[in-house]
Amino acid sequence: MPACEMIANRRILFVMAAEPEYGPHLRQRFTPLMTGVGPVEAAIAMGIALHQLDRQGTLPDLVLSLGSAGSRICALGEIYQIASVSWRDMDASRIGVPKGVTPFLDHPVDMPLVTPLSLPMARLSTGANVVGGEEYAAIDADMVDMETFAIARACQRFDVPLMGLRGVSDGPGELNHVSGWRELLSLLDERLAAAVDLLPDALSAQE
């Protein structure tokens, strides 16, 4: 059963994709819902978790999705707050639907997230592929991940706000092996934890 953390009198559900991103600094601060990698796994895990919490009457006041991301634009090792998220896999443009929009659903290409922290912001693109090299040129976003759009859609179904924090683990050059992704995870663990520590004051200021 997923568990929320109480921060500034709000129930916060932390969500991550994979154990390698969940280092010792983050472990001292919260226990996340682990979704698994990719939009399908994230959608299933997030939907089930929110359904369970809804049945208990304990839906979170905020979901915080955090972890690593790739980027050719944002600085390696830095933490960014997610301004909006899009879905790069969805392309029904052949039938007149804008790329990134799900047919028969009324959602924008870029779905805005809540941004309570005073951190640099970035536009995020979610998809089912690991992006590298020149593939970035075809993506209209600052950074890429594999889960956030799916998490956002689940949150929308339950009317729960979503915020995102991502640390840049890779991007410049080609990513040829998992070791290239893992190289900066310990640094991102420390810096993501420092960003999480900003939440109590930021949320209290909104009251």
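A residue counts as buried when its relative accessible area is under 20%, as exposed when that area is over 50%, and as partly exposed in between. The exercises below apply this and related criteria to a predicted model.

**Exercise 1. The cysteines**

Classify Cys155 as buried or exposed, and determine how many disulfides a search of the whole structure finds.

Solution.
Step 1. The relative accessibility of Cys155 is 1%, and Cys155 is therefore buried.
Step 2. A disulfide requires two cysteine sulfur atoms within 2.5 Å. The search of the whole structure returns zero disulfides.
Step 3. For Cys4, the nearest cysteine sulfur belongs to Cys155 and is 11 Å away, and Cys4 is in no disulfide. Taken from the other side, Cys155 has the sulfur of Cys4 as its nearest cysteine sulfur, and Cys155 is likewise in no disulfide.
Step 4. Cys4 has a relative accessibility of 23% and is therefore partly exposed.

**Exercise 2. Strand pairing around E4**

Establish which strands pair with E4, in what sense, and over how many bridges.

Solution.
Step 1. E2 and E4 run parallel and are joined by four bridges. Within this pairing, Leu62 in E4 stands opposite Ile12.
Step 2. E4 also pairs with strand E9 (residues 162-170), in the parallel sense and over eight bridges. Here Ser65 has Gly164 in E9 as its bridge partner.
Step 3. The cover of E4 (residues 62-70) can then be stated: nine of its nine residues are buried.

**Exercise 3. Strand pairing around E7**

Trace the pairing from E5 through E7 to E8, and identify the partners of Ser125.

Solution.
Step 1. Six bridges pair E5 with strand E7 (residues 121-126) in the parallel sense.
Step 2. E7 runs parallel to strand E8 (residues 143-145), with three bridges between them.
Step 3. Ser125 is the bridge partner of Ser86 in the first of these pairings. Ser125 also stands opposite Val144 in E8.

**Exercise 4. The surroundings of Gln81**

Locate Gln81, decide whether it is buried or exposed, and list its contacts beyond four places in sequence.

Solution.
Step 1. Gln81 belongs to strand E5 (residues 79-87).
Step 2. Its relative accessible area is 0%, so Gln81 is buried.
Step 3. With neighbours within four places in sequence set aside, the contacts of Gln81 are Val114, Thr115, Pro116, Leu117, Leu119, Pro120, Met121, Ala122, Met163, Gly164 and Leu165.
Step 4. Among these contacts is Gly164, the residue already identified as the bridge partner of Ser65.

**Exercise 5. Salt bridges**

State how many salt bridges the structure holds, and analyse those of Arg27, Asp197 and Asp140.

Solution.
Step 1. There are six salt bridges in the structure.
Step 2. Arg27 and Glu19 form one of them, with closest N and O atoms 2.9 Å apart. Arg27 is partly exposed at 45% relative accessibility, and Glu19 is partly exposed at 44%.
Step 3. A further salt bridge connects the side chains of Asp197 and Arg29, at 2.9 Å from N to O. The pair links distant parts of the chain, 168 residues apart: Asp197 is in the loop between helix H5 (185-196) and helix H6 (199-204), and Arg29 is in the loop between helix H1 (24-27) and strand E3 (33-34). Asp197 is partly exposed at 43%, as is Arg29 at 30%.
Step 4. Asp140 and Arg123 form a salt bridge whose closest N and O atoms are 3.3 Å apart. Because Asp140 lies in the loop between E7 and E8 while Arg123 is in strand E7, the pair ties together parts 17 residues apart in sequence. Asp140 is exposed, with a relative accessible area of 59%, whereas Arg123 is partly exposed at 24%.
Step 5. Through shared partners, salt bridges join Asp110, Arg123 and Asp140 into one network.

**Exercise 6. Positive phi and a surface patch**

Find the phi values of Ala8 and Asn9, and name the residues that make the nonpolar surface patch with Val40.

Solution.
Step 1. Ala8, although not a glycine, has a positive phi of about 50 degrees. Ala8 lies in the loop between strand E1 (5-7) and strand E2 (10-16).
Step 2. Asn9, also not a glycine, has a positive phi of about 65 degrees. Asn9 is in the loop between E1 and E2, and is exposed with a relative accessible area of 69%.
Step 3. Val40, Ile44 and Ile48 make a nonpolar surface patch of about 280 Å². Val40 lies in helix H2 (residues 39-56) and is exposed at 56% relative accessibility.

Terms used: Residues are numbered from 1 along each chain as its sequence is written. This is a predicted model: local features need pLDDT of at least 70, side-chain atom pairs count only at pLDDT 80 or more; totals for chains, interfaces and linings use all residues. Side-chain values use heavy atoms; hydrogens and water are left out. Helices (H or I, at least four residues) and strands (E, at least two) are DSSP runs, numbered from the N terminus. Buried means under 20% relative accessible area, exposed over 50%, partly exposed in between (1.4 Å probe, protein chains only). Contact means heavy atoms within 4.5 Å. Patches are made of residues with over 30% relative accessible area and no salt bridge: like charges are joined within 9 Å, nonpolar side chains (Val, Leu, Ile, Met, Phe, Trp, Tyr) within 5 Å. Accessible areas come from the Shrake-Rupley method with a 1.4 Å probe; for residues, only the protein chains shown count as cover. A salt bridge is a side-chain nitrogen of Lys or Arg within 4 Å of a carboxyl oxygen of Asp or Glu. Two strands pair if DSSP finds at least two bridges between them.
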